[in-house]
Amino acid sequence: MKEKKELIQWFGLLGVISFLSYVAAVVFSPLAYPGYDWRAQAVSDLSAVVAPSKMLWTQISALYDICGIVSVTILVLYIQGKLNQCLRVGIYLYVVMNWISSVGYRMFPLVDAENVGGFQDFCHLIVTVLVVLLSIASMILIMVGGYRKKQFVSLAVFATMALGLMFIGAIGTNIVPKEYFGVVERFSVMSATGFNAVLGIYQFRGMK
């Protein structure tokens with residue numbers, strides 16, 4: 001007999017919708033940005049204030065922010081009394097990272113990818129640093145908590161993959177030729193948003 005899902009579990013699917021919305025924005029927004037080179041340019045260039053693709057990005061990614069935030073916030077409520085403390089703290093930090101990313105990048109969007117400078121771009125950089133640090137810390141805690149208990153090893157494996165992709169992106173952007181900056185940068189951004197989908201699926205399945 002199939003186990004009946006709680007209503008709160010269905011909210012996990014919003015994490016998957018958030019990821020798909022983001023991927024669609026990354027794939028299709030360059031159509032409105034003449035000369036955009038995805039291999040050399042960052043994803044954030046597509047949503048910069050003066051970017052010609054700004055409007056299309058906003059339209060396609062409309063579900064990205066709202067679905068992602070709702071999904072991870074409800075996940076915090078769902079895991080109360082579940083998992084182990086290390087896993088819960090890791091997920092809490094990941095949720096904080098999502099909130100900082102959502103609010104911070106809306107308050108301080110990149111103004112002009114070609115001419116970075118000024119107070120707003122400095123704040124954009126600070127938000128990015130916080131997002132990166134919280135992402136790394138959350139993945140490490142989820143890995144430690146997940147590998148500690150056999151039931152959550154698969155979640156720890158996904159966290160390990162996400163952290164590995166983050167490091168590839170962080171290190172790669174500093175060592176690869178600038179013509180391929182965008183390629184390695186996408187490892188980082190896709191890993192963070194992809195993990196939203198992973199957590200959403202776990203929530204939908206009752207953290208199994």
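Helices (H or I, at least four residues) are DSSP runs, numbered from the N terminus. The model is predicted: local features need pLDDT of at least 70, side-chain atom pairs count only at pLDDT 80 or more, and totals for chains, interfaces and linings use all residues. Residues are numbered from 1 along each chain as its sequence is written, and side-chain values use heavy atoms, without hydrogens and water.

**Exercise 1. Place Q203 and list what Q203 touches.**

Step 1. Find the element. Q203 lies in helix α8.

Step 2. Check the cover. Buried means under 20% relative accessible area, exposed over 50%, partly exposed in between (1.4 Å probe, protein chains only). Q203 has a relative accessible area of 0%, so Q203 is buried.

Step 3. List the contacts (heavy atoms within 4.5 Å). Leaving out residues up to four places away in sequence, Q203 touches I8, Q9, F11, G12, S71, I74, L75 and Y78.

**Exercise 2. Do the same for T193.**

Step 1. T193 sits in helix α8.

Step 2. Its relative accessibility is 6%, so T193 counts as buried.

Step 3. T193 touches F19, Y22 and Y64, again not counting residues up to four places away in sequence.

**Exercise 3. Check the span of α8.**

Step 1. The expected span of a helix is 1.5 Å times one less than its number of residues.

Step 2. α8 has 24 residues, so it should span 34 Å. Its end C-alpha atoms are 35 Å apart, which agrees.

Step 3. Look at the cover of α8. Of its 24 residues, 18 are buried, so the helix is mostly covered.

Step 4. See what comes next. G206 follows α8, with a positive phi near 75°.

**Exercise 4. Describe L83.**

Step 1. L83 is in the loop between α4 and α5.

Step 2. Its phi is near 60°, a positive value in a residue other than glycine.

Step 3. L83 is buried, with a relative accessible area of 15%.

**Exercise 5. Describe the lining of the largest pocket.**

Step 1. Define it. A pocket is an open set of points on a 1 Å grid over the protein atoms alone, where a 1.4 Å probe fits, with protein on both sides within 12 Å along at least five of seven lines; lining residues have an atom within 4 Å of a point.

Step 2. Name the helices. α2, α3, α4, α5, α6, α7 and α8 each supply at least two lining residues. α6 gives the most, with eight.
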